[in-house]
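Thank you all for coming; I would like to walk through one structure with you this morning, slowly and helix by helix. Please have a look at the sequence and the model first.

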Amino acid sequence: RILAAASLVLGGIGIVLPVLPTVPFVLLAAWAASRGWPKLETWLLEHAYFGPHIRRWRERGAVSLRAKRLASVAMAGSAAIVALLVLPLWVKAGVILALAGTALWLWRRPEH
């Protein structure tokens with residue numbers, strides 16, 4: 001329950017803070033809730049916005065095209081910001097490579 005609640009809070013923060021992803025935290029909250037908080041899991045699965053995303057992920061590991069596009073734009077923006085920050089080169093390269101790897105993984109997921 002603690003993991004589910006913490007993930008849901010982080011996902012909520014991600015709604016207003018663009019550098020924090022929302023959907024992965026909501027997916028994590030749904031997974032954690034399925035292991036000990038059935039009421040929260042049901043609420044998430046029936047949620048008007050998150051429910052379809054969670055069900056698609058659980059059934060087929062699918063991510064909608066819109067979500068892929070939004071995530072890619074957010075990752076590109078984050079990479080640009082990191083590139084402009086005064087950080088050691090290895091930190092910049094590591095963050096940008098992690099974002100690129102995540103984008104590659106994301107675009108390999110089915111959409112339907």
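I will talk about a few of the helices and how they pack.

Before that, a word on the source: this is a predicted model, in which local features need pLDDT of at least 70 and side-chain atom pairs count only at pLDDT 80 or more, while totals for chains, interfaces and linings use all residues. Residues are numbered from 1 along each chain as its sequence is written, and side-chain values use heavy atoms, with hydrogens and water left out.

Let me begin with helix α4, which spans residues 50–60; helices here are DSSP runs of H or I with at least four residues, numbered from the N terminus. In α4, the residues F50, G51, H53 and I54 are buried, where buried means under 20% relative accessible area, exposed means over 50%, and partly exposed lies in between, with a 1.4 Å probe and protein chains only. These residues cover an arc of only 165° around the axis, which puts them on the same side of α4, the arc being that of the directions from the helix axis to the C-beta atoms.

What do the buried residues of α4 pack against? They pack against α2, residues 23–34, and α3, residues 38–46, with contact meaning heavy atoms within 4.5 Å.

Turning to the first of these partners, the axes of α2 and α4 come within 10 Å and cross at roughly 70°, the axes being lines fitted to C-alpha atoms over the stretch in contact, with angles from 0 to 180 degrees between N-to-C directions. That makes α2 roughly perpendicular to α4; angles under 35 degrees count as roughly parallel, over 145 as roughly antiparallel, 65 to 115 as roughly perpendicular and the rest as oblique. The contact is made by V26, L27, A30, W31 and S34 of α2, together with F50, H53, I54, W57 and R58 of α4.

How do α2 and α3 pack? Their axes lie 7 Å apart, at an angle of about 140°, and the two helices are therefore oblique to each other. On the α2 side, the contact involves V26, A29, A30, A33 and S34, and on the α3 side P38, L40, E41 and L44.

To finish, just after α4, G61 takes a positive phi of about 65°, and in helix α1, residues 2–16, we find I13, which counts as partly exposed at 37% relative accessibility.
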